[in-house]
Amino acid sequence: MTSRILVLNGPNLNLLGTREPQIYGTTTLADVEALCADRAAGHGLEVTCRQSNHEGALVDALHEAAAAGDVIGCVLNAGAYTHTSVALLDAIKATGLPTVEVHISNPHAREAFRHTSYLSPVAAAVIAGAGIDGYGYAVDVLARRHSATS
């Protein structure tokens, strides 16, 4: 059984490529998913990619990944839920799934409400402001962490 990484994207990330390109660029979510798959393959891993605009679906995806037994971690761009979701915080804690929090932009250089993350305290790492490259870095972090513990 090949180990997998869950790549989980939250609200409005389905609009990558067209939504505020001056902030998020013109790369699409499909491009992000392909980048993650390529990076994971280089580590001998696979990815499962999910996106939802619904908080409960993101929580369910974390639960399902943890229960699957072959998921080594999660790359999570929770979008706006980063700043509001105790449910995602609790899901990460409850599943124990190593999670790397990713932000395409630097939330600390934006509106004040974006400076708070409910997820950072339980994240294995936080990558912000690196554009979509941050997703690849997150895959690397999880792959290295996994190989160090295998």
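When I call a residue buried, I mean that it has under 20% relative accessible area, exposed means over 50%, and partly exposed lies in between, with a 1.4 Å probe and protein chains only. What we have here is a predicted model, in which local features need pLDDT of at least 70 and side-chain atom pairs count only at pLDDT 80 or more, while totals for chains, interfaces and linings use all residues. Residues are numbered from 1 along each chain as its sequence is written, and side-chain values use heavy atoms, with hydrogens and water left out.

Let me begin with helix 4, where helices (H or I, at least four residues) and strands (E, at least two) are DSSP runs numbered from the N terminus. Leu88, Leu89, Ala91 and Ile92 of helix 4 are buried, whereas Lys93 and Ala94, on the other side of helix 4, are exposed. The buried residues of helix 4 pack against helix 3, strand 3 and strand 4 (99-103), contact being heavy atoms within 4.5 Å.

That brings me to helix 3, in which Leu58, Val59, Ala61, Leu62 and Ala65 are buried. Their cover includes strand 1 (4-9), strand 2 (46-51), strand 3 (71-77) and helix 4.

How do the axes of helix 3 and helix 4 cross? With axes taken as lines fitted to C-alpha atoms, for helices over the stretch in contact, and angles running from 0 to 180 degrees between N-to-C directions, the axes of helix 3 (residues 55-68) and helix 4 (residues 86-95) come within 10 Å and cross at roughly 5 degrees. On the helix 3 side, the residues making the contact include Glu55 and His63, and on the helix 4 side they include Ala87 and Thr95.
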